[in-house]
Amino acid sequence: MKSQTVIPVILSILIIILVAILERHSRFFAAITATMPLGAPLALWIVYASVQGDQEAVSGFSLNMFLGFLPTMAFMLVVWIVARAGWKLGPMILSGYGAWGVGLLILVAVKRLVGLS
């Protein structure tokens with residue numbers, strides 16, 4: 001098995017365990033741990049290796065990753081709003097994904113309108 005396949009799985013398991021442990025002591029640090037940028041550096045590493053370090057390709061990919069955070073922020077904002085309203089977990093997550101999907105559609109439409117690839 002390639003390290004690019006195994007490393008994300010191992011890191012994900014370790015983060016889940018760390019969040020479970022930290023949650024008992026500090027919900028703030030558990031939340032920070034849960035949102036650590038793990039996938040982003042791994043994805044950058046994979047792209048960097050696949051394009052042999054081509055600066056333009058890595059730069060474009062990192063910009064798209066940054067833009068991808070916007071729908072994720074919409075997900076978290078909606079989850080926070082509906083959690084404060086007293087919703088149960090299932091509807092909270094579904095509404096968050098709804099906001100993420102709408103945000104993603106808007107992002108794709110704006111990118112096409114502006115002409116970004």
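This is a short tour of a salt bridge, a buried threonine and two helix pairs in a predicted model.

**Stop 1: the salt bridge**

Select Arg27 and Glu23. The two form a salt bridge, with their closest N and O atoms 2.9 Å apart. The count for the model is one salt bridge, so the 4 Å cut-off between side-chain nitrogen and carboxyl oxygen admits just this entry. Now colour by accessibility. Arg27 is exposed, because its relative accessibility of 65% is over the 50% limit. Glu23 is partly exposed, because its 34% falls between the 20% and 50% limits.

**Stop 2: Thr33**

Move to helix α2, residues 27–34, and pick Thr33. Is this side chain's residue, Thr33, buried or exposed? Thr33 counts as buried, because its 8% relative accessibility is under 20%. Show its surroundings next. Leaving aside residues up to four places away in sequence, Thr33 touches Ile15, Leu18, Val19 and Leu22.

**Stop 3: α3 against α4**

Select residues 39–50 for helix α3, then add α4. The α4 selection is residues 55–84. The axes of α3 and α4 come within 10 Å and cross at roughly 155 degrees. That angle is over 145 degrees, so α3 runs roughly antiparallel to α4. The crossing of α3 and α4 is right-handed. Display the side chains at this contact. From α3, take Ala40, Ala43, Leu44, Val47 and Tyr48. From α4, take Val58, Phe61, Ser62 and Met65. Colour them by class: eight are nonpolar, one is polar and none is charged.

**Stop 4: α4 against α5**

Keep α4 and add helix α5, residues 89–114. Here the axes come within 8 Å and cross at roughly 150 degrees. Again the angle is over 145 degrees, so α4 is roughly antiparallel to α5. Which hand does the crossing of α4 and α5 have? It is right-handed.

Now build the contact selection:

- On α4: Asn64, Leu67, Gly68, Pro71, Thr72, Ala74, Phe75, Val78, Val79, Val82 and Ala83.
- On α5: Met92, Ile93, Ser95, Gly96, Tyr97, Ala99, Trp100, Gly103, Leu104, Leu107 and Lys111.

Colour by class once more. The contact of α4 with α5 has 15 nonpolar, six polar and one charged residues. Among the α5 residues listed, Lys111 is of the charged class. Among the polar ones are Gly68 on α4 and Gly103 on α5.

Conventions: Residues are numbered from 1 along each chain as its sequence is written. This is a predicted model: local features need pLDDT of at least 70, side-chain atom pairs count only at pLDDT 80 or more; totals for chains, interfaces and linings use all residues. Side-chain values use heavy atoms; hydrogens and water are left out. Buried means under 20% relative accessible area, exposed over 50%, partly exposed in between (1.4 Å probe, protein chains only). Axes are lines fitted to C-alpha atoms, for helices over the stretch in contact, and angles run from 0 to 180 degrees between N-to-C directions. Helices (H or I, at least four residues) and strands (E, at least two) are DSSP runs, numbered from the N terminus. Angles under 35 degrees count as roughly parallel, over 145 as roughly antiparallel, 65 to 115 as roughly perpendicular and the rest as oblique. A crossing is left-handed if the near helix is turned anticlockwise from the far one by less than a right angle, and right-handed if clockwise. Contact means heavy atoms within 4.5 Å.
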